[in-house]
Amino acid sequence: VGLQVHQFPCLADNYGFLIQDQASGIVACIDSPDAQAVLAQLKLRGWTLSLIINTHWHHDHAGGNDALREATGALVIAPAEVARVSRPDRVAIPGETCWVGETGLQIIDTGGHTLGHVSFHDPGSSVAFVGDTLFAMGCGRLFEGSPHQMWQSLQRLASLPPETIVYCSHEYTEANCRFALSVDDDPAVRQRAERVADLRALDLPTVPTTIGDELSTNPFLRAPLLKPGLSEVEAFAALRKLKDEFCG
Ligand code: ZN
Ligand code: FE
C-alpha cells in the first residue's frame, strides 16, 4: 500500500515523477516538464495517466499539460497561477487535500519562487514533492516572491518529519554544494559534498533527499546559524543574494 514513485530525468536538468496509488492503481504525474517524456515513461510502465498535478506555472513544470491532457484525458490539478499556461480542471488550494486514488496529498503553500507555488505531502508514505522551492542543498530563486514569503515556505517544509523523502524538480546539487561549501564549514556539509561528487561521477541522481539531510546541510535552512546577528529572514535573504551572485 501507499504510493509508488517513479522518477526520471528529462529536459536539461529536470526530474519528472510518475506516482501510483497502490490501493487503486490510479496514476498521476507531478508536473509536466516534457509531455513526450512523460508519455514514454507511462508506456514503459504500462500505466494510464489520470491526473496531472502541478507545483507552479513555469514551462518546465506545466508546459506539457495540454499535450498530456489531449493524449490521455487526464485532469489538471494546479494552483490558479498555472492558468496562464494551461487551464486547470481543479485548482489546488493550500490546506486542502489532492486525492490520487486513496492517497491524500496535502497541499502546502510554498510561494516565493513563484507567488502561487505549492508543494504536495503524503504523510502516509512520508514523501513530498516540492517543485522548485527546496532543492538538495539549495532553494529556488525568488522570481516573484519576497525573502519573507520564501522563508515561511521553507519553514513549512522544514517542519515536516525529518524522515520525509523530498522529491525536488532539478538536479542542481553539485552547484549547490559548491556554494554551501563556500559559506558553511560544518563537517556534515563536507561529508555530503563527497557523497554528491561520488553519485554524480557515476551519473546517478542526488534526488530524492530528506528533510533531515536538508536540515543538517542546506545553507538556506541553516541561514540563521550561518548569519548570526541578523533576523532569520534577513539571514535567509543575505544567503539567497550571495548565491545569486556566486560564481563557483
Ligand atoms: Zn520554476
Ligand atoms: Fe523548474
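Strands β13 and β14 run antiparallel to each other and are joined by two bridges. One bridge partner of note is T210 in β14, which sits opposite I165. This pairing, like everything else here, is read from a predicted model. The two strands belong to an open sheet of six, arranged in the order β7-β8-β9-β10-β13-β14, with mixed pairing. At the edges are β7 (residues 97-100) and β14 (residues 209-210), each of which has a pairing partner on one side only. Helix α4, covering residues 147-158, packs on this sheet. The strands that α4 touches are β8 (103-109), β9 (118-122) and β10 (127-131), and its direction makes about 150° with that of β8.

Next come the metals. The model holds a zinc ion (ligand 1) and an iron ion (ligand 2) that are 3.1 Å apart, with D132 coordinating both.

Taking the zinc ion (ligand 1) to begin with, its protein donors are H56 through NE2, H58 through ND1, H113 through NE2 and D132 through OD, at 2.2 to 2.3 Å. Along the chain, these donor residues follow the spacing H-x1-H-x54-H-x18-D. H58 and D132 link distant parts of the chain: H58 is in the loop between β4 (49-53) and α2, D132 is in the loop between β10 and β11 (134-135), and 74 residues separate the pair. Both of these residues are buried. As for geometry, the four donor atoms around the zinc ion (ligand 1) subtend angles of 85 to 174°, so the arrangement is irregular. The upper value falls outside the tetrahedral range, because that label needs all angles to lie between 85 and 135 degrees.

The iron ion (ligand 2) has its own set of protein donors: D60 (OD), H61 (NE2), D132 (OD) and H170 (NE2), lying 2.1 to 2.4 Å from the metal. The site of the iron ion (ligand 2) is irregular too, with angles of 83 to 168° among its four donor atoms. In sequence, the iron donors are spaced D-H-x70-D-x37-H. D60 lies in helix α2 (residues 59-62), while H170 comes from the loop between β13 (165-168) and α5 (173-183), so this pair ties together parts that are 110 residues apart in sequence. H170 itself has a relative accessible area of 4%, so this residue counts as buried.

Key:
Residues are numbered from 1 along each chain as its sequence is written. Chains are lettered from A and ligands numbered from 1 in the order in which they are written. This is a predicted model: local features need pLDDT of at least 70, side-chain atom pairs count only at pLDDT 80 or more; totals for chains, interfaces and linings use all residues. Side-chain values use heavy atoms; hydrogens and water are left out. Donors are N, O and S atoms within 2.8 Å of the metal (3.2 Å for Na, K and Ca); water is not among the atoms, so sites may look incomplete. Four donors count as tetrahedral if all angles lie between 85 and 135 degrees; four count as square planar and six as octahedral if opposite donors are over 155 degrees apart and all others between 65 and 115; anything else is irregular. Helices (H or I, at least four residues) and strands (E, at least two) are DSSP runs, numbered from the N terminus. Buried means under 20% relative accessible area, exposed over 50%, partly exposed in between (1.4 Å probe, protein chains only). Two strands pair if DSSP finds at least two bridges between them. Contact means heavy atoms within 4.5 Å. Axes are lines fitted to C-alpha atoms, for helices over the stretch in contact, and angles run from 0 to 180 degrees between N-to-C directions.
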